[in-house]
Amino acid sequence: MIEANSLYGPLDPAPDAGWVEAPPRMGFFTDTSVCIGCKACEVACKEWNGVPDSGFDLLGMSYDNTGALTANSWRHVAFIEQPRPAGHRTPPFAGNPTGEPASPGSAAAAADTRADTGTIPGVGPGQPEPAARMAAGPEFLGMPGAQPPGRATGAESRTDFRWLMMSDVCKHCTHAACLDVCPTGSLFRTEFGTVVVQEDICNGCGYCISACPYGVIDQRKGDGRAWKCTLCYDRLGAGQTPACAQACPTESIQFGPLDELRERAATRVAQLHERGVPEARLYGHDPTDGVGGDGAFFLLLDEPEVYGLPPDPVVTTRDLPKMWKRAGLAALAMAAAAVAAFVGGSS
Amino acid sequence: MSSDRPPVGALFRRFRERLAAQAPALPGAPGSHGPKAGRSGEASYGSRATGAGARTDAGAVEAGLRPVPPRDVPPTDRRAGRRKGGGGEQLAVPPAEFTSYYGRPILKPPVWKWDIAAYLFSGGVAAGSSLLAAGGQLTGRPALRRAGRVTSLAAVTASAYFLIHDLGKPSRFHHMLRVAKPTSPMSVGTWILSAFGPAAGVAAVAEAAPWLPERGLLGLGRRLLPPVGHAAGLLAAATAPALATYTGVLLADTAVPSWHEAYPELPVIFAGSALASGAGVGLLAAPTGQAGPARRLAVAGAALELWGSHRVENRLGLLSEPYATGTPGRMLRAGRALTAVGVAGALVGRRNRVLSALSGGALLAAAACTRFGIFHGGVASARDPKYTVVPQRERARQGELAPDVNGPGVGPTGG
């Protein structure tokens, strides 16, 4: 029978899944503070894994035209422009004039653009109001402009902003909801502790897509099956580094045994805090969080939701025993009602 | 895949045109690459002010929100349109403050199409009517038994069709039978259906016994079918409550916020609506003399269903909103009204065949409305990042407070 810990709490997933003498758990540490948004990871992933194109349209909201992780984009480089006076707060530039942020208007206008990624649901349309709010930033006090940045001239129109870039990927959760709800056994836990879809088994039921708390896994149109990052299971088996980490020119994407990566990440955060980047924080590194820790975790420079990540995800199967209990009670109530309806009365 | 695709860059062109329409003085707009020196900041500020309208300065964030440019409508109509579109509904819950990635959803909304909502209904009808049939069988009400068994087979056949049709690869539907996983409600449901479907089928086929000839091989069937059908009918009825309630877990065991948080209520709603559907079948098909149990079932089912849907619309805070607004809200309200009408009709029309049948129809329609409302409410909650971020932020905030409260010191809150 299933132990409660298999559904929630800290755990080494590969032995839990039945692997004997499993190799150490492997994963990604994505340090967004050195990401330059080059998208080499997206390209390398597509090349190695034979992932189809995800449309060539522009989304118009930022330099991110991939939009989201989909069945046809297993790496997604998020790109955020914030009106945060990152440079001007340093003394030599403190007196520089700063105009109003220009991007809320365009962010709102572009919130509902859609690109045909060849997947369902693919890149969903956004809400204009939150889009404007996020582009305006926390210190925003004025009216947003209705034009892309850098189009107006004059000192007053200069804006000061910072760019955040993050290469997003499947988190390979310790407690992977997609895997647990899969009714065909297509999703499985590898000996490296990663989560992989077997494409010859998947029948496209779509349950994993609703179950993923990060909105990673997605269905490919025409094909009908669900696809996501495999953490290059084939390359791992051959002792190689996954394609995206191999291609990353700044070592923003680091691959290795998860324990080692967690240590490295802790050192890096401490270093950044020392250097005056107090907003640096880790995301998904904690084995006691709602999904038991991610196999792919991140160093972020803002709140997770700014990058399109859920702030406090909890694996849905945590509550599964309670759900079955409620269903059992409801079923008993139903049977009792049926018996009572036929036994009582005579009309 | 490529036939209905817009040409490359079309979306961005449209976006730029929209920008140009909003701010005519925009230097970057297409066709206005004039002398840039002439268009200093002041000009564009002017256009911004116009875009923002005569709004008084009410809070920074408010100001940030309101001038949000719009789609393809002139400024004045825009504001009116927005108010018309969502005004009344948005008043219920104060606007939630949250950040997001360009307003895009965090979760992937369910890829399940209307088939699954229809299956929720047909599965409930199958379960409810097989209970009705078993009751009729055991208490000597042949009309209830016959109607229940036949409806049950029809509904379970429709269910199988909906479930397979919704798959991305329907030809691989049998892959569901590779494993039995209690962690996957869909796998559990597959096995429940595999037990229920054949039993309901045999029970329905047994109803054909009187039409068989009295002699020969078919005559043997005529004698054997009723007892076999009896056993099969009881087996179907025994699995029916599981069939009706597992779907609640099926929806709740997802990351879809409004489904997951409603996990205590969903099985109850679905059980109630299955009972009411079964009652509806009985009221439609059976003469008033035999329909007594169906009336009582209608009352019990309606009570469970109304209690459950009242709870999900009020207990979940922000996550109740998708069930109360928009199309899902209308469906659930229609479901409640039809349930009330159906129960009232069933009770009042004790001796009236037409009134009974009408109320049976109302109960079936109510069940369908409720199922579609719950289904689409959840889908709506996954589409909007608000329902993902705001409750999780709240939870994280309480999590940060919790160690002080639950720690070994159990200190007073003041600290």
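This is a short chat about a sheet in chain A and a proline in chain B of a predicted model.

Trainee: Ground rules?
Mentor: The model is predicted: local features need pLDDT of at least 70, side-chain atom pairs count only at pLDDT 80 or more, and totals for chains, interfaces and linings use all residues. Residues are numbered from 1 along each chain as its sequence is written, with chains lettered from A and ligands numbered from 1 in the order in which they are written.

Trainee: How many helices and strands does chain A have?
Mentor: Chain A has 10 helices and 11 strands. These are DSSP runs, numbered from the N terminus: helices are H or I with at least four residues, strands E with at least two.

Trainee: What's the strand order in the open sheet of chain A?
Mentor: β9-β1-β11-β10, with mixed pairing. Two strands pair if DSSP finds at least two bridges between them.

Trainee: Which strands stand at the edges?
Mentor: β9 (253-257) and β10 (281-283) of chain A. Each has a single partner strand, so one side of each lacks a neighbour in the sheet.

Trainee: How do β1 and β9 of chain A run?
Mentor: Antiparallel, joined by 5 bridges. In one of them, A:F28 of β1 partners A:F255 of β9(A).

Trainee: Switching to chain B. Where is B:P110?
Mentor: In the loop between α4 (75-90) and α5 (114-138) of chain B.

Trainee: Buried or exposed?
Mentor: B:P110 counts as buried because it has 23 C-beta neighbours inside 10 Å. Buried takes 20 or more other C-beta atoms within 10 Å, exposed 12 or fewer, partly exposed in between, with C-beta atoms placed from the backbone.
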